[in-house]
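Let's walk through this protein together, starting with the overall picture and then moving to individual spots. Keep the structure open as you read.

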Amino acid sequence: LGGAVLMLALLACVSAAAAAGFALRDTDGMQHRLEQYRGKWVLVNFWATSCTTCVAEMPQVIATYDKFKDKGYDTLAVAMSYDPPAYVANFVETRKLPFPVAIDSTGAVARSFGDVKLTPTSVLINKRGEIVKPSHHPIVEGKVACHDCHDPHGSLSPFQIKAESTY
């Protein structure tokens, strides 16, 4: 990491495309479908245990989840198909991740989100199941603020995340 500072604004106020439906099992064997997150904001975080940037950003992903989980926000971490399930389960257990971590064993979910290959990739999905902002930049220590903004449909969005990241 190094170089210019990039401010990522994940806004509910931009035009959004519908996210593809998916069904994945987490490390506890529970199934997660996109539909079950309707009515909530959800960050889908594609990552891998072999990705040093992914591992480095995980504390910020946890902090963001902890900060907004009571405000209609959730996180679903999706381990890439090449990540050995035992490594993922060990990472989840030793780091005590507070949100579900699913394994995209076939790569179908990564393909449905624009053929994700680069990690980390995070996708913010609004309450209506629409992709608001995909990002290939890590969420690292920086500014995370909670603000209100109006979406195009006139409803109030619960937050705007601003994460300062470096590349």
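Two residues are in contact here when they have heavy atoms within 4.5 Å of each other. Of the contacts in the protein with a separation of 6 or more, 72% are between residues 24 or more positions apart. Before going further, a word on ground rules: this is a predicted model, where local features need pLDDT of at least 70 and side-chain atom pairs count only at pLDDT 80 or more, while totals for chains, interfaces and linings use all residues. Residues are numbered from 1 along each chain as its sequence is written, and side-chain values use heavy atoms, with hydrogens and water left out.

The secondary structure comes to three helices and 12 strands; these are DSSP runs numbered from the N terminus, with helices being H or I of at least four residues and strands E of at least two. About 8,000 Å² of the protein is exposed, and carbon and sulfur atoms supply 55% of that; the areas come from the Shrake-Rupley method with a 1.4 Å probe, and for residues only the protein chains shown count as cover. As for single residues, call one buried under 20% relative accessible area, exposed over 50% and partly exposed in between (1.4 Å probe, protein chains only). Buried residues make up 47% of the 167 in the protein.

Now for helix α2, which spans residues 85–95. Which of its residues are buried? They are Val88, Phe91 and Val92. Seen down the axis of α2, these buried residues fall within an arc of 95°, so they line one face of the helix; the arc is that of the directions from the helix axis to the C-beta atoms. There is a simple rule behind such patterns: an α-helix has 3.6 residues a turn, so residues three or four places apart point the same way. Turn to the other side of α2 and you find Ala86, Tyr87 and Glu93 exposed. The cover over the buried residues of α2 includes β5, α1 (52–68), β6 (73–79) and β7 (101–103).

Just after α2 comes Lys96, in the loop between α2 and β7. Lys96 has a positive phi of about 50° although it is not a glycine, and at 65% relative accessibility it counts as exposed.

Back to Phe91, which has an aromatic partner. Rings of Phe, Tyr and Trp (its six-membered ring) pair if their centres lie within 6.5 Å; planes under 30 degrees apart are stacked, over 60 edge-to-face, and the rest tilted. By this rule there are five aromatic pairs. In one of them, the rings of Trp47 and Phe91 have centres 5.0 Å apart and planes at 50°, so the pair is tilted. This pair links distant parts of the chain, with Trp47 in strand β5 (residues 41–47) and Phe91 in α2, 44 residues apart. Both Trp47 and Phe91 are buried. Elsewhere, Phe22, Phe46 and Phe113 form one aromatic cluster.

The structure also holds one disulfide, defined as a pair of cysteine sulfur atoms within 2.5 Å. The disulfide joins Cys51 to Cys54, S to S 2.4 Å, and with 80° about the S-S bond the link is right-handed. Are these two cysteines buried or exposed? Cys51 is buried at a relative accessible area of 10%, and Cys54 is buried too, at 0%.

Next, look at Asp74 in strand β6. Asp74 is buried, with a relative accessible area of 12%. What does its side chain make a polar contact with? The partner is the side chain of Lys40, at 3.3 Å. A polar contact is a pair of N or O atoms within 3.5 Å; within protein, one must be able to donate a hydrogen and the other to accept it, and residues adjacent in sequence count only if both atoms are side-chain atoms. Not counting residues up to four places away in sequence, Asp74 touches Tyr37, Lys40, Trp41, Val42, Leu43 and Tyr65.

Arg25, in strand β3 (residues 23–25), is partly exposed at 49% relative accessible area. A polar atom of the Arg25 side chain lies 3.0 Å from the backbone oxygen of Gly29. Leaving aside neighbours within four places in sequence, Arg25 is in contact with Met30, Gln31, Ala102 and Ile103.

Last stop: the loop between α3 (108–112) and β8 (121–125), home to Pro120. A cis peptide bond joins Thr119 and Pro120, with omega about 0°.
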